[in-house]
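Reader: I would like a close look at one part of this model, namely its salt bridges. Please go through them slowly, with the terms explained as they come up.

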Amino acid sequence: MFSGIVVGQGQVTAAGEGRLDVRAPSSVLGGLEVGESVAVNGVCLTVAIVAGAGFAADVMPETLSRTSLGQLGTGDAVNLEPALRMGDQLGGHLVTGHVDAVGTVAEVRDDGNARWVTVSVPSRLLPLLAEKGSVAVDGISLTVVDVTDSAFTVSLIPHTLSATTAGAWHLGSRVNIEADLIARYVHRALADAGAVPAVEA
C-alpha cells in the first residue's frame, strides 16, 4: 500500500527482457530490501535486487500491457515511493499500485503558479472519478478539479512540478491512472445493488 506522496525521482538505467533497473535516491533506497514493494510511476513492483545506487524489479508482460512502463527507456525519470509501513503518515490517499488504465495528457495550461493538466481516460473509469476526489496519476496523489464525459483535470502546484515527473508532462504524454480505492468499493456496492452499472475491467 502507498500514499501517492512521491519520495524521490529515479532514473531508468536499463529496461527490457522483463526487468527494470532504476537508479534511486537514498530517500528511497534507505531500508529497501529484496522482496519489498516499491511504486514506479504508480505501478507496484517487487524489488528483486538492491545494489549500489539502485534496484531492479521484474516486470511481467501483463504489467507492461496495462501500464506505461513498457515505453520507458534508459535515462527516463520515474516517480518512486516505497511501500508504507504501519504508523507511517498517510499524506495523500490510499493507493494500491494497481493501475486501472493508461491515460493521455490532452491539455496543459499554466495559470499563475499552477499548471492545469487534463487527462483523457477510458469511459469506464469516469464513474470512479469525482470533483474534489482523489486520483493517482503516475503514482502522484492528486485532487480532481473536474470531470467531463471523456477526461478529468488536475491542478498542479510548483512543488509537485519540481519534485515529480509531472513537470515534464506534455500533450500526448501517457500516464498511469489509479482511481480512488474508496470510490471503487462504493461503486461496486452500488453496482451489486443494481443502483449503477458495473465498471468493466
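Author: Let us begin inside one helix: Arg 66 and Glu 62 both belong to helix H2 (residues 61-66), where they sit 4 residues apart, about one turn of the helix. Helices (H or I, at least four residues) and strands (E, at least two) are DSSP runs, numbered from the N terminus. This is a predicted model, in which local features need pLDDT of at least 70 and side-chain atom pairs count only at pLDDT 80 or more, while totals for chains, interfaces and linings use all residues. Residues are numbered from 1 along each chain as its sequence is written, and side-chain values use heavy atoms, with hydrogens and water left out.

Arg 66 and Glu 62 form a salt bridge (a side-chain nitrogen of Lys or Arg within 4 Å of a carboxyl oxygen of Asp or Glu), and their closest N and O atoms are 2.5 Å apart. Arg 66, with a relative accessibility of 45%, counts as partly exposed, a class that lies between buried (under 20% relative accessible area) and exposed (over 50%), as found with a 1.4 Å probe on protein chains only. Glu 62, its partner in the bridge, is partly exposed too, at 43%.

The structure holds 5 salt bridges, and another of them joins Asp 58 to Arg 19, with 2.8 Å between the closest N and O atoms. Here the two residues come from separate strands, Asp 58 from strand E5 (residues 54-58) and Arg 19 from strand E2 (residues 19-23), so the pair ties together parts that are 39 residues apart in sequence. As for their surroundings, Asp 58 is partly exposed, its relative accessible area being 44%, and Arg 19 is also partly exposed, at 27% relative accessibility.

A further salt bridge brings together the side chains of Arg 85 and Glu 36, at 2.9 Å from N to O. This pair links distant parts of the chain, 49 residues apart: Arg 85 is in the loop between E6 and strand E7 (101-111), and Glu 36 is in the loop between helix H1 (26-29) and strand E3 (37-40). Arg 85 has a relative accessible area of 43% and is partly exposed, while Glu 36, at 23% relative accessibility, counts as partly exposed as well.

To draw the picture together, Arg 66 and Glu 62 share helix H2, Asp 58 and Arg 19 tie strand E5 to strand E2, and Arg 85 and Glu 36 link two loops.
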